[in-house]
Amino acid sequence: MVASVPRQYLIDAQQRRIRKLRLSVTDRCNLRCTYCMPPDAVFMSPQHYLTAAEYATIVAELVALGVESVRLTGGEPLLRPELPQILAALAAVGVPDLSLTTNGVRLAGCLDLLAAYGVRRLNISLDSLDPRTFAAISHGQSLEAVQGAIARAVEHGFQVKLNMVVMQGVNDHELGAMVEYAKHLGIEVRFLEVMRVGYACHLPSSQFISAAAMIRRLELHYDLQPVPQPPDATSFNFVTACGAQIGFIASESQPFCGHCSRWRLSADGVLRACLFKEAGVPLRGLDAAGRQQAYQQVLGMKPVVRGAEVHHAMHQIGG
Ligand code: SAM
Ligand code: SF4
């Protein structure tokens, strides 16, 4: 009988096991959210983007090291022309859980493609239900298209979560409306604190609103009952008696580094242990042995406590 080789996992000195990968497929976007990138954002040349085959090689190695969940992101992932090939390559690897974060602008036309390659979970960003506020935040006119795509994704059977970045004096008056909107669709809404990453560092601090302040406001109208989450969850969640599902991502006021299980791979192949750490390790050009060394190097790069802010751009790292 051949003795089975014990599986190797990616576990750092703080006993944090890497289970999740945010995989950026492009740094480009068809919106310009005020907290993410400037109107004149500069992007990488597409020739620097990883190919479908390169993604497949890296993801297969990371899955073998215990990564269970891969979330495609960007920039706006649905803008990458080679997305079908990338999805096919990842499906062939057999990623246990494949999901995607999108601004929803192009989503309606991509639902069949995503379903065909095993994507079941979608996080869709929606910062306002008001066309003028939506346009003021995103510099886009596509609210109707995004709302249409959300409804179709739900009908299609995707597990959808809405992400709303909440800014005081901009869209914070819509907390209740967003809860009702998500409840009506039977899906979860998550309210995000603005993180001090990249372009968001330029926002006036008066726009920051903490999850605790959001909860105080919602408690005036809803009875929030806590829902237990896995230790490495980014959000803490509640349900209400009327069936609303509400989460909060409080990276600023309640950082979750102690249980973080995420790595990020940028569209040009730089692997990072943390969104709040500028340094990463470029995987491009490395052979298999070199990549294994790189994974061990990145394992030592996850901070124990979160940095106050970073100036590299969220859309270039992979949000
Ligand atoms: N373009 C896609 C989208 O908007 O969903 C995917 C990439 S985007 C960088 C991923 C998520 O990060 C979105 O939900 C977006 O709202 C959020 N995000 C971007 N910059 C942020 C910031 N400074 N603070 C909090 N959330 C941010
Ligand atoms: Fe684009 Fe997403 Fe950044 Fe908004 S948050 S500008 S949709 S990448």
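This is a dialogue about reading a ligand site, two helices and one strand residue in a predicted model.

Mentor: Residues are numbered from 1 along each chain as its sequence is written, and chains are lettered from A and ligands numbered from 1 in the order in which they are written. The model is predicted, so local features need pLDDT of at least 70 and side-chain atom pairs count only at pLDDT 80 or more, while totals for chains, interfaces and linings use all residues, and side-chain values use heavy atoms, with hydrogens and water left out.

Trainee: Which residues come nearest to ligand 1?

Mentor: A residue is near a molecule if one of its heavy atoms lies within 4 Å of it. Here 18 residues surround ligand 1, and Tyr35, Gly75, Thr102, Ser125 and Met195 come nearest.

Trainee: Which backbone or side-chain atoms lie at a short distance from an oxygen or nitrogen atom of ligand 1?

Mentor: A polar contact is a pair of N or O atoms within 3.5 Å; within protein, one must be able to donate a hydrogen and the other to accept it, and residues adjacent in sequence count only if both atoms are side-chain atoms. A backbone N or O atom of Thr102 is 3.2 Å from an oxygen atom of ligand 1, an N or O atom in the side chain of Asn163 is 3.4 Å from an oxygen atom of the ligand, and a polar backbone atom of Met195 is 2.8 Å from a nitrogen atom of the ligand.

Trainee: Which residues of helix 2 are buried?

Mentor: Buried means under 20% relative accessible area, exposed over 50%, and partly exposed in between (1.4 Å probe, protein chains only). Helices (H or I, at least four residues) and strands (E, at least two) are DSSP runs, numbered from the N terminus. In helix 2, residues 83-93, the buried ones are Leu83, Ile86, Leu87, Ala89 and Leu90. Seen down the helix axis, these buried residues fall within an arc of 165° (taken from the directions from the axis to the C-beta atoms), so they line one face of helix 2.

Trainee: What do the buried residues of helix 2 pack against?

Mentor: Contact means heavy atoms within 4.5 Å. The buried residues of helix 2 pack against strand 1 (20-24), helix 1 (52-64), strand 2 (69-73), strand 3 and helix 3 (111-116).

Trainee: Is Thr73 buried or exposed?

Mentor: Thr73, which sits in strand 2, counts as buried because its relative accessibility is 3%. Leaving aside residues up to four places away in sequence, Thr73 touches several residues, including Arg22, Thr101 and Gly318.
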